[in-house]
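Hi everyone, thanks for coming. I'd like to walk you through one structure today, going from the protein pair to the DNA. Have a look at it first, and then we'll start with a bit of vocabulary.

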There are 2 protein chains.
Amino acid sequence: MANEIFICHNCPMTRTMATIGTKWKPIIIYTLGLKKQRFGLIHAKMELISKKILTEQLKELEEDGIVKREAFKEMPPRVEYSLTNKGLELLPILNMLTEWNAKHQQGQ
Amino acid sequence: MANEIFICHNCPMTRTMATIGTKWKPIIIYTLGLKKQRFGLIHAKMELISKKILTEQLKELEEDGIVKREAFKEMPPRVEYSLTNKGLELLPILNMLTEWNAKHQQGQ
DNA sequence: AATAGTGGATACCTTTTTGTAACTAATATG
DNA sequence: CATATTAGTTACAAAAAGGTATCCACTATT
């Protein structure tokens with residue numbers, strides 16, 4: 001029975017959660033969708049997130065190669081975000097999650 | 001452009017996150033998998049989670065109809081957890097997430 | 001009689017996450 | 001000259017999440 005136990009760090013789900021397992025990241029990715037969007041618009045769409053958190057989460061997503069950031073040397077600043085291929089591949093999976101959720105929500 | 005903005009509470013992804021968007025829930029569901037398992041085994045498999053949190057997350061998953069709990073009137077107690085149909089439907093989607101993650105992890 | 005075994009509950013404390021408000025840079029407009 | 005504009009940053013405060021240790025119930029074993 002000992003070998004039924006695996007170490008979490010080797011658990012694929014745990015590793016996946018380490019990348020996208022936060023409250024906001026899946027929502028940011030879903031909000032970005034197929035479009036290239038400015039920081040301000042993303043922030044407006046997501047309403048409840050603070051600028052600080054959005055900035056920070058976008059930065060992590062960029063570091064993980066999920067989001068692409070393009071800053072234009074203008075004033076006032078303009079920064080556009082979009083999903084990389086890696087991020088785009090996540091989109092259909094996230095859509096399946098929302099469909100799963102919608103399907104099971106009649107009870108409410 | 002105003003109608004490009006949607007309210008987060010009506011955002012399908014936000015609603016989905018409200019159900020399974022925590023650090024531990026996807027891992028618990030993934031760990032349960034197709035098997036019916038006792039509390040102690042789940043806890044051992046997940047190593048880094050405390051009993052308190054595991055209990056609490058399992059209770060929420062049960063309330064959301066994702067996990068089924070069977071308690072046997074024995075001493076010492078025996079409690080078996082398994083996924084409901086709703087939970088089972090999540091499994092292939094979570095697997096796609098781990099595959100996505102594995103695919104993109106060469107860079108590390 | 002003492003101890004092990006299991007799935008919790010509880011009180012308490014620490015860490016992590018999130019939010020708020022004010023401030024900045026460089027240009028354009030009134 | 002004052003003000004608006006945008007994408008942050010920073011210091012500070014609050015809230016949420018998570019962890020630790022201890023205790024319990026009841027039976028079986030030593």
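So, one term before anything else: a polar contact here is a pair of N or O atoms within 3.5 Å. Keep that cut-off in your head, and keep in mind that this is a predicted model. Here's a case to try it on: a polar side-chain atom of A:Tyr81 lies 2.6 Å from a phosphate oxygen of DNA strand D. We'll come back to that tyrosine.

Let's look at the two protein chains. How is chain B related to chain A? Turn chain B by 180°, with 0.0 Å of shift along the axis, and it superposes on chain A with an RMSD of 0.1 Å. That is what a two-fold axis does. Both copies use the same surface, too: 100% of the contact residues of chain B recur in chain A.

How much do they bury between them? About 4200 Å², and 72% of that is on carbon and sulfur atoms. On the chain B side, B:Met13, B:Leu97 and B:Trp100 lose the most area to chain A, and together they make up 17% of what that side buries. In residue terms, 42 residues of chain B are in contact with 42 residues of chain A.

There's some polar chemistry across that interface as well. I get eight residue pairs in polar contact between chain B and chain A, and two salt bridges. One of the salt bridges joins A:Lys103 to B:Glu89, with the closest N and O atoms 3.0 Å apart. If you're wondering which element of chain B gives the most to this side, it's α5(B), with 11 residues. By class, the chain B side has 23 nonpolar, 10 polar and nine charged residues.

Okay, on to the DNA, strand D to begin with. There are 20 residues around DNA strand D, and those that come nearest are A:Arg69, A:Pro77, A:Tyr81, B:Lys52 and B:Met75. Notice that this list has residues from chain A and chain B. Of the strand D atoms that come within 4 Å of the protein, 58% belong to sugar and phosphate.

What do individual residues do there? Like A:Tyr81 with its phosphate oxygen at 2.6 Å, A:Arg69 has a polar side-chain atom 2.5 Å from a phosphate oxygen of strand D. A:Lys51 goes for a base: one of its polar side-chain atoms lies 2.8 Å from a base oxygen of strand D. The largest share of this surface, four residues, comes from α4(A). By class it has nine nonpolar, four polar and seven charged residues.

Now strand C. Around DNA strand C there are 20 residues, with A:Lys52, A:Met75, B:Arg69, B:Pro77 and B:Tyr81 coming nearest. Sugar and phosphate make up 55% of the strand C atoms within 4 Å of the protein.

Here's our tyrosine again, in chain B this time: a side-chain N or O atom of B:Tyr81 is 2.6 Å from a phosphate oxygen of strand C. The backbone joins in as well. B:Gly40 has a polar backbone atom 2.9 Å from a phosphate oxygen of strand C, and a backbone N or O atom of B:Pro77 sits 3.0 Å from a sugar or linking oxygen. For strand C, the largest share of the surface is the four residues from α4(B).

That's my tour, so over to you for questions.

Technical notes: Residues are numbered from 1 along each chain as its sequence is written. Chains are lettered from A and ligands numbered from 1 in the order in which they are written. This is a predicted model: local features need pLDDT of at least 70, side-chain atom pairs count only at pLDDT 80 or more; totals for chains, interfaces and linings use all residues. Side-chain values use heavy atoms; hydrogens and water are left out. Copies are superposed by least squares on the C-alpha atoms of residues with pLDDT of at least 70 in both. Contact means heavy atoms within 4.5 Å. A residue is near a molecule or strand if one of its heavy atoms lies within 4 Å of it. A polar contact is a pair of N or O atoms within 3.5 Å; within protein, one must be able to donate a hydrogen and the other to accept it, and residues adjacent in sequence count only if both atoms are side-chain atoms. Helices (H or I, at least four residues) and strands (E, at least two) are DSSP runs, numbered from the N terminus. Ala, Val, Leu, Ile, Met, Phe, Trp, Tyr, Cys and Pro count as nonpolar, Asp, Glu, Lys and Arg as charged, and the others, Gly among them, as polar. Buried area is the accessible area (1.4 Å probe) that two parts lose on being put together, summed over both. A salt bridge is a side-chain nitrogen of Lys or Arg within 4 Å of a carboxyl oxygen of Asp or Glu.
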